[in-house]
Every structure is written in structure tokens, then in C-alpha cells.
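The following exercises, each with a worked solution, ask you to read an interface and then a single residue site from a set of coordinates. Please inspect the structure before you turn to the solutions.

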Amino acid sequence: MAEPAPPARPHDSAHLHVSGAARYCDDLAEPADMLHLAFGQSAEAHARIVAMDLAAVRAAPGVVAVFTAADIPGANDVSPVAGDDRLLAETDVIHVGQPLFLVAATSQLAARKAARLARVAYAPLPAVLTVEQAQSAQSLLEPTQRMAQGDPDTALAAAPCRLSGRFDMGGQDHFYLEGQIAVARPGEDGQIHVISSTQHPSEVQHLVAHLLALPSADVTVEVRRMGGAFGGKETQAALFAAAAALVAAKTGRPAKFRCDRDDDMVMTGKRHDFRVAYDVGFDGAGRILALKLLLSARCGATFDLSAGINDRAMFHADNCYFLPDVEILSERLKTNTVSNTAFRGFGGPQGMLAIERVIEHIACALGRDPLDIRLANAYGPGRDVTPYGMTIEDNIAPQIIERLRRDAQYDARRAQVLAFNAQNRVLKKGIALTPVKFGISFTTTHLNQAGALVHVYADGSIQINHGGTEMGQGLYIKVAQVVAAVFAVPVEHVRITATRTDKVPNTSATAASSGADLNGMAAHRAAMEIRDRLTAFVARTYACAAEKVHFTPGGVVAGDTTLSFATLCRKAYLGRIQLSATGFYATPEIDYDRAVHKGRPFYYFAYGAAVSEVVIDTLTGEHRVLAVDILHDVGRSLNAQIDFGQIEGAFLQGQGWLTTEELVFDDKGRLLTHSPATYKIPTASDRARHFTIALWDGENVKPTIHRSKAVGEPPFMLANSVFMALTRAVAATAPHCRTIPPLDAPATPEAILRAIAGHRGA
Amino acid sequence: MAVRFVLDGTVVQLDEVDPTGTVLDYVRYRLGRTGTKEGCAEGDCGACTVLVGERNAQGTGIDWRAVNACIQFLPMLDGKALMTVESLAAAGTLNPLQACMAQNGSSQCGFCTPGFVLSLHGRAIGAIGHDLPVEDVIAGNLCRCTGYGPILAAAEAVDTLVQDDRATLAALATIADDRAGGGQYGTRRWFAPRSCEALAVVLAEHPDARMVAGATDVGLWVTKGLRELDTLVFLGGVRDLAAIVETPDGLRFGAMARYADVHEACARFHPDLGELVRRIGGLQVRNSGTIGGNIANGSPIGDGPPALIALDAELTLRSREGRRTLPLEAYFLDYGKQDRRPGEFVESVHIPALGPDDLVHISKLSRRFDSDISAVCGAFKLTVRDGVIARARVAFGGMAATPRRALACEQALAGQRFTETTIAGAAAALRADFTPLSDVRGSAGYRHEAAANLLWRLFHKARGTAVSVHEVEPGDG
């Protein structure tokens, strides 16, 4: 790994993580009268509830109370947008695992045992479970969306070469190590305090308030840190927080919902699985002339965030490539499965994998190196308008590709791979270089806002708070560094405090990779306001011009005088200067018309590229990722150590999505892979032994905080290179066959063996 | 009787013990040591990793081993020492491993981190399995944030630590006890005999008692199945049940020999057997899971049994009435049904030594290489003389309701020349041997195809063709 460039600072909680002293929701001392909760869950995918006999549940040892939908004082709704997610089922159930009733008991085990004792009679209704079933029934959440430019039909008809194809990619469980959890405590006068492992405290606040028929001002939601989230706690945390709040409000006792891992995997949403179909026209050089692309996503039983997720899939179906005449259709399939939700990349990975597959198919048909086809289609001067009509102003993809091609010795290694394949009968290698261009901003424009609160105390110590949440991504330390830099004090002087709705209101989810962009800028503005006041005070006090006041690591310089920051703060306090400020930031320039899918949804793009080399076993379908080289663009890094960690972690998570992580549902709509025994995220040995990461040496063309770029999601899609390398390795089993191997994701041993058989038979 | 264990040099005595209470719940909610996390409550993620120590055979030091506290029952701690993440920085300063991990980005969300710290601390102080490659030491610890790079780097940087175990050793001596343990908790009863003879007596008197070896399976009956177990017999203290004996005649493992402890002997017996054992669970699971428990529970996949069957293993069962020995394959009667009579327990398994002409191959196929359960496990022992297969033993797991032999395949091989034609015939015959199910780990079609291809893998490997993705390096041309 290349040496990280400064400033690189460890995570603010690193010393607490390694000593076990970092406190997560379940680590806070439990009051003696704490109640523990469990849901009774639907056993049916789609049914009318005929009768629900809860007598045995109520009579079970340790049970204190049992609640159903009828007990909810306000709105029975835990949904983010559409109002269609019930906390507890009313007349019908629409997926397996849907909560029916809520048990409060003296221990978690007692609650879980009791929850299994209900006798529920169902009248089954027809269930739509799979993509095929939903497509044939045209079971849709909303009308199929169309994003287009030019005249794809005419261009397709006129294209000298034409191909069509189809493939599937699976979903993905978040597998945050800390499961869903919330603790609610009743306060005085009907108030509720909720500690929730959530990426979106404001939404939890609003939902709890509506649920309990309270004003938002009576509900406070707090989160210091999450044990991982990845999008899985953007909307899904509300279910558990609302349940805890309901019990606290109804019983007057503190209530904790710590969800069992298997229940968590059954009851909470995942990454959307997609089916992709395409019809592409291109010329002899592999340049795409026309594309018709159909993205069909299994959304599950309710909206959740599926509209935005599928929009983002459409936005990324171009990746780094110019599509002159294009139509992207996006089907949002409604199925009787748990509602799929946000997951790192938010539809982007699915859209991007689709176009990479199309490129790969063209390369196979032409017998060319796919990298040639990628470069031939890259955005460039005069070819710089996306299918949604946004002109790309910051395109560095071709340079990144060329630099990585050189640094990773792609061409020499590709020759070695070909030589290896010629010599080996059983084992086949593949190598691929794929780029990433990822749009930064919430595509729902109003979400692009953030607030922060900065206090400077009279002893010179600083406390900061903002609307962003810490899930391990290093947001807190990045924002603390931004504030420390404003005052030129060591970051140790900045105390980062838990995210709370009573400190910064009306916040957006920490999502869309936006945390540091938005909250860093908001905190910067708050800190600058205080610094401006201090500057004016110092200038006044020492009778110098404001321009002569400098905040330096050696202290605050005012003309000929230097005083420590702490001394200045003391003087400023005595001088009755306000040392607290709020800051607010709203991303400029963005504007998007969803009705026609045109506009500028993104403030800027983050770029990257990766080379992966793999080997497969053609007898068993096993594979290994042998080598990974990454070049990634984070603009001017706010914290190189944190950014390296985000890149590497995202890559391996993406590799897992495309290889070992397979969600299996049975024909009754039951998830069979509901535990780590059957759902396999990568282990340490799945990481390529050769693994390098380099940061692109450039800065954001937009005036973001310190010209940095967002990093949470973009590197996830670097793992597309693994899937494309696997596709090349399968193709090597019949090297003269001019079609693409029918490899679906995830590329499990079974999928690879199936693809080999399909390719050899083609 | 009480359960006594040593925590940070001090004896802790628990007078009233729920025998199905987990060490994790005790540590978190009774001791308030919340650094140890629950990630899955089924022994698959390692967030709850703690170190458990026993005096070594000479009594001169402590054999520490990493285990998953979430599926360890409290009586299993009796007479042992426990180390949690809080034990490491007791004086308020991070130990060198912790300091390195904190500095180099080994944690992001931090939830899995204490488990990694314990696994790697164990490695650094010479715990069981410390000589394995570091990826293997942490194969039972899942991290969803970091991609593992910094963790591996920290392990490399701090690979040795000296730990002063004197106080713990002295405290352990004070609780050493040759008397049988046991107790009552509500309606629940538990026994902890110290010898095979005593175990036979307990089982004769309580034939319905549930035997608990490493609890890597039974633990989940409680944490996931929410089952009530009324009478339990803990086998961990049965001293004459864990022997590992290597002789010219072969290998004999006592039923309570833990997989981590048999690994080396298995690898010496044959590298494929060693590799199969290495891939059973993570180290925490192998540090608890026993070869006898793995056989006795009769899983249709059975990590060890398919290989043991192919290797002609014999099983010895014992009861108060005496012993009987049978071929291992005969023990597995049907799905969930084994030839174990009331009052009997698995005492040992014997693997006869290989002859000079024996060709052994064992392959496990799973979605993930480490810490996964096989979709198909195939094991072959062919005796090849002068190019002719004199004898063939072929066994599979994951292909039927029990691990069992592929008789038609064996027949197609035996007496034939070791050629492509013979392998093709045997692969075709294999189809008649099994009617596998389609389930969460693979479809019937995949199982058929992959099982047949394992014969080809065996053949190509014997001819010197590269057949393992593990043999290949990047840049190999």
C-alpha cells in the first residue's frame, strides 16, 4: 500500500474500539425495570390475518405486555416516504417476517420465546415473489420510469453491429456487525428519549412523534455511534426505535429492542436484486451508437427508498461512457418480500454493472480487449452529456484509466494471463480494469442540507455537534479536523459529541456519501463565524487591523502580540463575545426534474478505477481474487487514513456482493440465508494478497470542504473489476467463442460452473 | 456445585448457574464487561471472542484458546481462566497490539474490533493455533468495514507479546478439582463427570441427558432454537476422552479431541485431511468443536465424517455395559438417526495408517473457502498398484441424508486401470449413487456435477496438472 499523504489521523474512537471501551447502544447500563422486546412475525408472504390468538404469548414467563396495531395511539407508520410501512400489521401481511405484534418482557430471551407462542390463522392470498412473477403480473410500485436522449430506435436500426443480452445480479445483506437496536426512555410530561442505532435520527424522531401523536419537540433521538450501517440503518432502524418508543410510552418503563441476528436478516431490507436486459448497437471499433436498457428491480412489498434507488441505478447506467442515443427503462417491481432498501451505492452499483456487462459483451463479440472498448466509449470533449442531460465538467476517468493501466502493468499482465490460460487445462485466469464515475449529491434535492453547532469554551476547548452520524466511516474525525484547522488548534482540543435531534434539527440521513461534504461545510461555517468574532475582538483589543490577526499553531497572532488560543477565549468571554454558533450548508447548483429525468442532479462526480486478476477452477467453479490495484479520486483528502479505509473496505464489500454473498429465498418467500452460517461475507483470506491503493493526485473542481470529494460509496463499485475478470476467466474456457459467458452475480462456484457449461455450449 | 473460574488472576465463584446460560451474557450483563460483543449469537462472526485458558499438560503454563463466548455455556468455564478485552488494558494503557491497531486504521465501526484484538492477542502470546497463517487465525472473525488490510498489517507488526500468567496459574491451581461437577437450576440439571467410567454411569442413569462436547452445535439449539434442555452432561472435564494417539497403525482420537488439537496430526497423516480440518469453522469453532461431537450429531454434511469414512475409520462406542466398535459409515443410519444406543457415548475414532500405494484426495466445496459448511465434500482413497486401482473407497458429504460411501463409483473404479476412461466411467456411476437435494448450499445439479468433477480433480492432480486455485500467484504466466 502506498504511503498515505498527510493529513492522516486515526479514527477518533480507535483507542476505544481496541480496548472495548467504545459504547454502543447495548453497552449502556440497563435500569432494573428495563423491558426487552421481540416481534411476532408473519409466517406468510401474503395473507389476510383471520385470527391472532395471543393468550399463550401473554401468559408466557416474564411477559409484561403485548401490543398490536390497535394499541398505537398515532400513525401506524415507520416508512420514510410513502406512508406504507406498518409498525405492526393490521388486516393483511405482505411479506414473511412482517411484524404482527410486539412482546415486552423482562428479558430478551423471554420476549423471543413468548413471541413464538402466538396462534395466527391466515387466509393466504396470491403472492408475487420473484422478478419473473412480478414482471409477468406487471406488479409495479410506480410506473416504469424512462430516461432517454436522442433516438435510440432509429440509431439501433442503423448501427452496423447489434447485440442483445440479459443477466441477473443478486441482492446483498448489509451484515453490519451490530444488529438493529434501540432503547427508549420515558421522560417527564410525555416526552420520549430514544437512543437508536440509526443513520437518520431526524426521521426516527418524526416517525416516533407521529406514532405517539406527539409534537417532534417532545421526542429526542440520540446516536453516538453505530456498529456499521452501510445504508441498512437509514430507514430500517425506525422499526425498532418505534417499537421501543411505543412500549416506553405505554408502560412508562424503559424499553430496549435488541434484534436477534437471524430475525434482523429476515425482517430488514437489503440491496435490490436486478435483472438487466439490453439491446445495443455499435460500430466496428466497439463504440456504442445506441442502447436500450431495461433495469428491473425487485423492490419488495413497500416503497421504502426504492424510487430514489432505482433512479440512481438509471443515473449510473452510463458509468464513464457516452451513450449518444439511449433509452433506459427502470421497472420497480412490487413483490411479497421484505422491502429492499438503501445499501452503499444506492442502486449505482446495479446500473454500473449493467453497462460494464454491455461493454464486455461488445468486446467478446469483436474479439477485443474490453479495455479498448471502455476507452473507445469514454466521455470526452464533445461527447460529454449524460442520458439525463447533465454536461460533465470534471471528467478524469480516461486519465485515471491510463495511469492505472501503466502503474498496474495491465498490458503485460494481460499477456501473462493469456499465456497461463494457454498452458493450463483446469485453471483459467482473468484480468479486468474497470472505471467508476459516481454522482455526488442526494438526487432528492432538498435533502442536500446540513446543520452544525460549535461551542468554544472559555478554556479554549471546543465542542462540536452536527447532523451527521458516525457508523465507522470516520465522519466525526473529519469534521473535527475541519474545525480544529479553523482555529489552528490540535484536533485533540475538539470534543465530538453524539448526534442528537435536540442539538441540530431537521437533518438528512447520513447517506449518499454526503456526510463530510455537508456536515464538514456546515461545521466550517459555524467555526468561521466564531473565528470572525474572535478576530474582530482581538483586532479591537490590540488595536490592529483584522487582516493582521492570524490563527496559527503557535497561537493567535494580533499584530505584534501572540496569545494562546485558550487565553484569547478567556479574554473573549470576559469581553462578552458569543463563543457559540450554528452553521448551515445547502449544496449549490443542483436542480433536477424527476418528471422528465433531466437536469443536474449531482454537484460533482467521484472517480476511480481498479484492476483485478482472478483465477477460476473449471472443475468446481471455485475462484480466488489474486491481485487488486486501485487508483481512486477523493479530491484533496481530508484524512488519508480514513479514505484508504473506506476504499479498501468498500472494495471488499463489493467483492462479496459479486462473489460469495448469495441471498436464497424459497418458493414460499422465506429467506433461507438468514444467518452468517449460510450468508457468507468475505473473510480475511478472501482479500487479495496483492492489494494496492493509490489516491489520484487532484482536487475537486468544485469548492467543497477543502476541495475534497465524497468517498463512502464510490469505491464499492471498483469491485466490478472482480466480476469482469471472472467473466474473462470463464470466457477463457472457450477462447474462440465470440459471445459473453452467461455469468450471473454473485459468481458462486455454482454460478461459475453453470456459466462455463453455458459458454462451452454456446 | 459451584462453577469456579479465574478472571484476571482472581477466582470467581458462581453458586447458582443456569447450565444453558452463555458466557457472553454473563460477561456482558453480569460482569458489565461490554467490550465483548454479540454479533450473531451462533459462533459465526467472532465479535464475542474471548480467550479461555487451561493449565498445560506439565502444569507450567497456560494453554490459551480463542472461543466464541456466545455459544459457550457457563459450566464449560469451570476450572478455567477467562480473558476478555478488558483484561488487556487493565492498567489504562493499550497493549502494543491494541496501540498498533488503533494507530493504523484497524477499526472503523469498531464493533468487531475487540474480537479481533482477542484473536490476535492469543496469537501473539502463543495460544492454540498461533502458528497458523494469520488469515486463518482470524477466519472466524468477520469485519464488514475495513477489508482486513490494516488488521493483517497490525498482526504482522505485533506477532509476539509476553504475558505474565503467574497469578492466573496460581489461581487455577487453587480451583483444580478432581470431583465431578454438576448442579440444579430450577428444573434443569447438569452433570460434569471427570472420567469415562463416571460418564457411563451418568448416562446409564439419565439416558435422555443431552451430552455437550464443544457446544458449537448444541449452543445454537439454545440461542437460536430457544430450546429448553432439561438434563445436560458436560464432557469437557472427562479427562480420558481427549487423547490423540499417533502410532504406526494409524491415528486414534478420543471423542473430545478438539479439531484445533487434531489439526497437526491430521496434516501429518495426509495434507488434504489437514486442510479439511483447517477449513472446519473458524479457529474459535475448532478450539471448541470436537471430532466426537462432529460425528455424534449426525449432520448430513458432517465436516469430518466423509473423509473419515473414506479413510476406513472405525468408531468405538462405550457404555456401562462395555465397548463396541463399528465402521464409521455404519453409525449413520439415516437423516438425524445414528446407531447410538441409550446410555452409549462415542469414545474414540481410529483411522488406519495409509499404505504405500494409497492415493488420498479430499475436497470441500463451499461458497467461501474459510469458515463455511460444504455444499459437497468428497473424499477418495484409492490403492493404485502398477497402474491398476486395487481398491477404492469413495465417500461424500452433502449428497445424501448422511455422509456415506459411493458404492457404484467404488465399483467402477476397483480393478480398473487408473485412466481417463476409468474416471469417466466412475463419474457416470457416481450419478447412480446419490439423489442429492437442492438446498441453500447448492442445487442438486451442481452437487452431481461438482461431485463427479472431484474425481477428475483427483485424476488430473495425480498426473501433475495444476488443479487448485490456491497454487496460483498473480503474474504467473
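**Exercise 1.** Identify how the side chains of B:Glu228 and A:Lys113 meet, and place that pair among the polar features of the interface.

*Solution.* In this predicted model, the two side chains, B:Glu228 and A:Lys113, form a salt bridge with an N to O distance of 2.6 Å. The salt bridge rule admits separations within 4 Å, so the pair qualifies at 2.6 Å. Between chain B and chain A the count is 14 salt bridges, and the rule for polar contacts finds 45 residue pairs across the interface, both residues at pLDDT 80 or more.

**Exercise 2.** Describe the side of chain B that touches chain A, beginning with its elements and ending with the area.

*Solution.* Several elements of chain B each supply at least two residues to this side, among them helix 4 (113-124), strand 17 (358-365) and helix 18 (444-462). Helix 18 gives the most, with eight residues. By class, the residues of this side divide into 34 nonpolar, 27 polar and 22 charged. The contact takes 83 residues from chain B and 87 residues from chain A. The area buried between the two chains is about 6900 Å², with carbon and sulfur atoms giving 57% of it. Of the area that chain B buries against chain A, B:Arg144, B:Leu226 and B:Arg367 supply 14%, more than any other three residues.

**Exercise 3.** Decide whether A:Gln98 is buried or exposed.

*Solution.* A:Gln98 lies in the loop between strand 4 (92-93) and strand 5 (99-105) of chain A. Its relative accessible area is 6%, and because buried means under 20%, A:Gln98 is classed as buried. Beyond its neighbours within four places in sequence, A:Gln98 is in contact with residues including A:Gly40, A:Ser42 and A:Asp92.

Technical notes:
Residues numbered from 1 in each chain as written. Chains lettered and ligands numbered in written order. Predicted model: local features only at pLDDT ≥ 70, side-chain atom pairs only at ≥ 80, totals over all residues. Heavy atoms only, no water. Contact = heavy atoms within 4.5 Å. Buried area = accessible area lost by both parts, 1.4 Å probe. Polar contact = N/O pair within 3.5 Å; in protein donor to acceptor, adjacent residues only side chain to side chain. Helix = DSSP H or I, 4+ residues; strand = E, 2+ residues; numbered from the N terminus. Nonpolar A, V, L, I, M, F, W, Y, C, P; charged D, E, K, R; others polar. Buried < 20%, exposed > 50% of the residue type's maximum accessible area, 1.4 Å probe, protein only.
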